[in-house]
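Me: I have a structure here and would like to go through its labels one by one. Could you tell me what stands behind each of them?

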Amino acid sequence: MTDTAVYKDPDSLRMTVTAEFEATPERVWQLWADPRQLERWWGPPTYPATVTAHDLRPGGRIEYHMTGPEGDQPAGFWDVLEVDRPNTIVFTDGFADEDGSANLDLPVVTMRVSIENIGGGRTRMAINNDFETVEAMEQLLAMGMEEGMSLAVGQIDQILAEDAAASRAGR
């Protein structure tokens, strides 16, 4: 099982989620680049994601919603700022209203995803979440952002294990 660590630094307005995987950087990249794979892990288990638009390039937008246990469907978007395959993705992450427009009542976070080969067939992924204010950080943490991201990233092992099993079966 992958160790997922979360570091919160209110002084720098940052929360970082890190995880290491038995996979190549290119394979971890595909978890972001393929919308069907992204929706298998992005939402926590009780709020699975559905990706409705996926344009992973600078200036592109990714749109999604999550479906909760009561049928609620909070929506979100990523405005993609930088892409350096398979190493980096930078985007703003915000909440959306029913019509897909930005919900300005909730904070926007800038996320920087770093994917790095650490040797031995392992890859480290770090997701830095930069908040605009202490209040924005506190609000999103109170909404369950830390737990949600930890649970979401924790689902990646299952996807990678299925890859390994399929690879062994295909030999």
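Reply: Gladly! Let's begin with a cut-off: a residue is buried under 20% relative accessible area, exposed over 50%, and partly exposed in between. Please keep in mind that this is a predicted model.

Me: Thanks! Why is Thr-67 called partly exposed?

Reply: Thr-67 has a relative accessible area of 26%. Partly exposed is the range between under 20% and over 50%, so Thr-67, at 26%, is partly exposed. Thr-67 sits in the loop between β4 (61–66) and β5.

Me: What makes Thr-67 and Pro-48 a contact?

Reply: Contact means heavy atoms within 4.5 Å, and Pro-48 is listed among the contacts of Thr-67 once neighbours within four places in sequence are left aside. The other partners of Thr-67 are Thr-46, Tyr-47, Asp-72 and Gln-73. Thr-67 and Pro-48 are 19 residues apart along the chain, with their C-alpha atoms separated by 5.8 Å.

Me: Why is Gly-100 called partly exposed?

Reply: The relative accessible area of Gly-100 is 27%, and that lies in between the two cut-offs of 20% and 50%, so Gly-100 is partly exposed. You will find Gly-100 in the loop between β6 and β7 (109–119). From the C-alpha of Gly-100 to that of Val-17, 83 residues apart along the chain, the separation is 27 Å.

Me: What makes Glu-132 exposed?

Reply: Exposed means over 50%, and Glu-132 has 62% relative accessibility, so Glu-132 counts as exposed. Glu-132 is in the loop between β8 (122–131) and α3 (134–142). Not counting residues up to four places away in sequence, Glu-132 touches Leu-13 and Val-108. Asp-163 is 31 residues from Glu-132 in sequence and 38 Å from Glu-132 in space, C-alpha to C-alpha.

Me: You mentioned Leu-13. How do you know whether Leu-13 is buried or exposed?

Reply: Leu-13 has a relative accessibility of 17%. Buried means under 20%, so Leu-13 counts as buried. Leu-13 lies in the loop between β1 (4–9) and β2 (14–21).

Me: And what is notable about phi of Leu-13?

Reply: Phi of Leu-13 is near 55°, a positive value in a residue other than glycine. Most residues other than glycine have a negative phi, and most peptide bonds are trans.

Me: Where is there a cis peptide bond?

Reply: Arg-85 and Pro-86 are joined by a cis peptide bond, with omega about -10°. Pro-86 belongs to the loop between β5 (75–84) and β6.

Me: Moving on to β6, why is Thr-88 called buried?

Reply: With 15% relative accessibility set against a limit of under 20%, Thr-88 counts as buried. Thr-88 is placed in strand β6 (residues 88–96). Leaving out residues up to four places away in sequence, Thr-88 touches Trp-29, Glu-82, Val-83, Arg-112 and Val-113.

Me: What makes Gln-155 buried?

Reply: The relative accessible area of Gln-155 is 19%. The cut-off for buried is under 20%, so Gln-155 falls on the buried side. Gln-155 lies in the loop between α4 (145–154) and α5, and Gln-155 touches Arg-40, Trp-41, Gly-43, Pro-44 and Pro-45, not counting residues up to four places away in sequence.

Me: Let's turn to the whole chain. How do you know that the radius of gyration agrees with a compact globule?

Reply: For 171 residues, a compact globule would have a radius of gyration near 16 Å, and the protein chain has 16 Å, so the two agree. Along the principal axes, the C-alpha trace spans about 50 × 35 × 30 Å. Of the 171 residues, 39% count as buried.

Me: What is the order of helices and strands?

Reply: The protein chain has five helices and eight strands, and along the sequence they follow the pattern β-β-α-α-β-β-β-β-β-β-α-α-α.

Me: Finally, where is confidence lowest, and where is confidence highest?

Reply: Confidence is lowest in helix α5 (residues 156–169), with a mean of 81, and highest in β8, at 98. The protein chain averages a pLDDT of 94, and 96% of the residues score at least 70.

Terms used:
Residues are numbered from 1 along each chain as its sequence is written. This is a predicted model: local features need pLDDT of at least 70, side-chain atom pairs count only at pLDDT 80 or more; totals for chains, interfaces and linings use all residues. Side-chain values use heavy atoms; hydrogens and water are left out. Helices (H or I, at least four residues) and strands (E, at least two) are DSSP runs, numbered from the N terminus. Buried means under 20% relative accessible area, exposed over 50%, partly exposed in between (1.4 Å probe, protein chains only). The radius of gyration is taken over C-alpha atoms; the globule rule is 2.2 Å times the number of residues to the power 0.38. pLDDT is the predictor's confidence in each residue, from 0 to 100.
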